[in-house]
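Reader: I am new to this structure and would like to understand the reasoning behind the terms used for it. Could you take me through them one at a time?

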Amino acid sequence: QVQLVESGGGLVQPGGALRLSCAASGMILRILDMGWYRQAPGKQRELVASITSAGMPSYADSVKGRFTISRDNAKNMVHLQMNSLTPEDTAVYYCKCDALTRSFVRSSYWGQGTQVTVSS
């Protein structure tokens, strides 16, 4: 019913920046909360940042002051601006959204993920 596609990942040097984007499509009536998660090899998936339908953001302590989450409700998109990247930020980043479909079903959906590698 709802599909999420991430983009913007890649290889960047420490101190560099990347901007991740996630586009939602499908039988969407309204997108509610949205967020970005990441999973590094051998580690559990963790919440990086989230943003409510009202635009209230929340960040993991490890990325506060460096990452900024934003959303464009008209385009059904969410972005993650990542600055001052470190090797510890290396992971697959996943987009997640809570959506109300046109069938009035409220569920959570995940993207396929985009690789972010921070290395010199």
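Author: Let us begin with charged side chains: in this predicted model, the count of salt bridges comes to four.

Reader: What makes Arg 38 and Glu 46 a salt bridge?

Author: The rule asks for a side-chain nitrogen of Lys or Arg within 4 Å of a carboxyl oxygen of Asp or Glu, and the side chains of Arg 38 and Glu 46 meet at 2.8 Å, N to O, so the pair satisfies the rule. As for their surroundings, Arg 38 has a relative accessibility of 6% and counts as buried, whereas Glu 46, with a relative accessible area of 34%, is partly exposed.

Reader: How do you know that Asp 61 forms a salt bridge with Lys 64?

Author: The closest N and O atoms of Asp 61 and Lys 64 are 3.1 Å apart, and the cut-off is 4 Å, so this pair is counted too. Asp 61 is called exposed because its relative accessibility is 65%, and the word is used for values over 50%.

Reader: Which residue does the side chain of Asp 89 meet in a salt bridge, and where do the two partners lie?

Author: Asp 89 meets Arg 66, with 2.8 Å from N to O. This pair links distant parts of the chain, since Asp 89 sits in the loop between S8 and S9 while Arg 66 sits in the loop between strand S6 (57-59) and S7, 23 residues apart. Asp 89 is buried, with a relative accessible area of 1%, and Arg 66 at 17% also counts as buried, because the word applies to values under 20%. Arg 66 and Asp 89 are, moreover, linked with Arg 38 and Glu 46 in a network of salt bridges.

Reader: Why is Glu 6 said to have no salt bridge?

Author: The nearest side chain of opposite charge, that of Arg 45, is 7.8 Å away from Glu 6, and a salt bridge needs the atoms within 4 Å, so the rule is not met. Glu 6, which lies in strand S1 (residues 2-7), is nevertheless buried.

Reader: What does the side chain of Glu 6 reach instead?

Author: The side chain of Glu 6 reaches the backbone nitrogen of Cys 95 at 2.9 Å, and it reaches the backbone nitrogen of Gly 113 at 2.9 Å as well. Leaving aside residues up to four places away in sequence, Glu 6 touches several others, among them Ser 21, Cys 22, Trp 36 and Tyr 94.

Reader: How do you know that Cys 22 and Cys 95 form a disulfide?

Author: Their sulfur atoms are 2.2 Å apart, and two cysteine sulfurs within 2.5 Å are called a disulfide, so the name applies. A search of the whole structure finds one disulfide. Cys 22 belongs to strand S3 (residues 18-26) and Cys 95 to strand S9 (residues 91-101), so the bond ties together parts that are 73 residues apart in sequence. Both ends are buried: Cys 22 has 0% relative accessibility, and Cys 95 likewise has a relative accessible area of 0%.

Reader: Why is the disulfide of Cys 22 and Cys 95 called left-handed?

Author: The torsion about its S-S bond is about -85 degrees, and therefore the disulfide is described as left-handed.

Reader: Why is Cys 97 not bonded to Cys 95?

Author: Cys 95 holds the closest cysteine sulfur to that of Cys 97, but the distance is 6.2 Å, which is too far for a bond. Cys 97 is itself buried, with a relative accessible area of 0%.

Reader: What makes the phi of Asn 76 and of Phe 104 worth a remark?

Author: Most residues other than glycine have a negative phi. Asn 76, however, has a positive phi of about 55 degrees, and Phe 104 one of about 65 degrees. Asn 76 is in the loop between strand S7 (67-72) and strand S8 (77-82), and at 25% relative accessibility it counts as partly exposed. Phe 104 is found in the loop between S9 and strand S10 (106-110), and its relative accessible area of 64% makes it exposed.

Reader: How many helices and strands are there in the protein, and why is it called as compact as a globular protein of its length?

Author: The protein has zero helices and 11 strands. Its radius of gyration is 14 Å, close to the 14 Å that the globule rule gives for 120 residues, and so it is described as being as compact as a globular protein of that length.

Terms used:
Residues numbered from 1 in each chain as written. Predicted model: local features only at pLDDT ≥ 70, side-chain atom pairs only at ≥ 80, totals over all residues. Heavy atoms only, no water. Helix = DSSP H or I, 4+ residues; strand = E, 2+ residues; numbered from the N terminus. Buried < 20%, exposed > 50% of the residue type's maximum accessible area, 1.4 Å probe, protein only. Lys, Arg positive; Asp, Glu negative; His and termini not counted. Polar contact = N/O pair within 3.5 Å; in protein donor to acceptor, adjacent residues only side chain to side chain. Contact = heavy atoms within 4.5 Å. Rg over C-alpha atoms; globule rule 2.2 N^0.38 Å.
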